[in-house]
Amino acid sequence: MGGLFWRSALRGLRCGPRAPDPSLLVRPSSGGPSWTRERTLVAVKPDGVQRRLVGDVIQRFERRGFTLVGMKMLQAPESVLAEHYQDLRRKPFYPALIRYMSSGPMVAMVWEGYNVVRASRAMIGHTDSAEAAPGTIRGDFSVHISRNVIHASDSVEGAQREIQLWFQSSELPSPEEFQPPTSVPFCT
């Protein structure tokens, strides 16, 4: 028995820790919280692209365990922005928002994972940089409420609408055909 323990310990040192089998992480019938796999839109706004923060944003989402399933850099057309921000049309800052969002390239991404919509909102922080907590993306990088680096969908329904607005279905794998990468052990 002791030899088995030491062989296992040596294997861990030599090969690194093994990722747990995903089937062991979630039991659908366990009565616990819902583990619905979702998709959300995350966009690095022109100020975030200009300040070269795209890599930092991607790194935070990957470290959180989410999977990037779509990404593109684009100059946002005003027609898409108008539809995206349709609920803000009557706000006095709306024209400035559209001018700003079309002022430079942005990076639109689709992330997938368990409860990714809610978790993304927590990761990005409050819209107003003065209210955003340290450790959130806006808390760490935002300089002003009008230059707050990032957008993330605020609901599952909103995410579905925004993903369809920014991405054509041919640009994304369907959830059924997309299987997130699994860790490949170097040692067996």
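**Notebook: sheet, helix α9 and cavity**

I began with strand β2, which is joined to β3 by eight bridges, the two running antiparallel. The model I am reading is a predicted one. For one pair within this ladder, I noted that Met 71 has Met 109 in β3 as its bridge partner.

I next looked up how β1 relates to β3. Strand β1, residues 37-44, and strand β3, residues 105-114, are antiparallel and are joined by eight bridges. I recorded two pairs here: Thr 40 has Trp 111 in β3 as its bridge partner, and Val 44 stands opposite Val 107 in β3.

**Entry: the whole sheet**

I then assembled the strand order. The sheet is open and consists of four strands in the order β2-β3-β1-β4, with antiparallel pairing. Why do β2 and β4 each have one side without a neighbour in the sheet? β2 (67-75) and β4 (150-152) stand at the edges and have a single partner strand each, so one side of each lacks a neighbour in the sheet. I noted that neighbouring strands of this sheet are turned against each other by 20° on average, direction ignored. Helix α7, residues 116-124, packs on the sheet and touches β1, β3 and β4. The direction of α7 makes about 30° with that of β1. I also checked the burial of β3 and found it mostly covered, with eight of its 10 residues buried.

**Entry: the protein as a whole**

I counted nine helices and four strands in the protein. From the N terminus on, I read the elements as α-α-β-α-α-β-α-α-β-α-α-β-α. Of the 188 residues in the protein, 39% are buried. Among contacts between residues at least 6 apart in sequence, 79% join residues at least 24 apart.

**Entry: Ile 58**

I turned to Ile 58, which is found in helix α4 (residues 54-63). Is Ile 58 buried or exposed? Its relative accessible area is 16%, and the cut-off for buried is under 20%, so Ile 58 is buried. Neighbours within four places in sequence left aside, Ile 58 is in contact with Met 71, Met 109 and Trp 111. I had already met these residues in the sheet: Met 71 and Met 109 are bridge partners, and Trp 111 is the bridge partner of Thr 40. I also looked up Ile 58 against Val 44, which lies 14 residues apart from it along the chain; their C-alpha atoms are separated by 9.7 Å.

**Entry: helix α9**

Which residues of helix α9 (residues 156-166) are buried? I listed Gly 158, Ala 159, Glu 162, Ile 163, Leu 165 and Trp 166. These residues cover an arc of only 160° around the axis and therefore lie on the same side of α9. On the other side of α9, I found Glu 157 and Gln 164 exposed. I then asked what covers the buried residues of α9. The cover includes β1, β2, α5 (78-84), β3, α7 and β4.

**Entry: cavity**

I searched for internal space last. How many cavities of 30 Å³ or more does the structure hold? It holds one. The largest cavity has a volume of about 40 Å³. I listed its lining as Leu 41, Ala 43, His 84, Tyr 85, Met 101, Met 106, His 151 and Trp 166. Trp 166 thus appears in two of my entries, as one of the buried residues of α9 and as one of the residues lining the largest cavity.

Technical notes:
Residues numbered from 1 in each chain as written. Predicted model: local features only at pLDDT ≥ 70, side-chain atom pairs only at ≥ 80, totals over all residues. Heavy atoms only, no water. Pairing = 2+ DSSP bridges. Axes fitted to C-alpha atoms, helices over the stretch in contact; angles between N-to-C directions. Contact = heavy atoms within 4.5 Å. Buried < 20%, exposed > 50% of the residue type's maximum accessible area, 1.4 Å probe, protein only. Arc of directions from axis to C-beta. 1 Å grid on protein atoms, 1.4 Å probe; cavity = no way out; pocket = protein on both sides within 12 Å on 5 of 7 lines; lining within 4 Å. Points joined across faces, edges and corners; volume = space filled by probe spheres on them.
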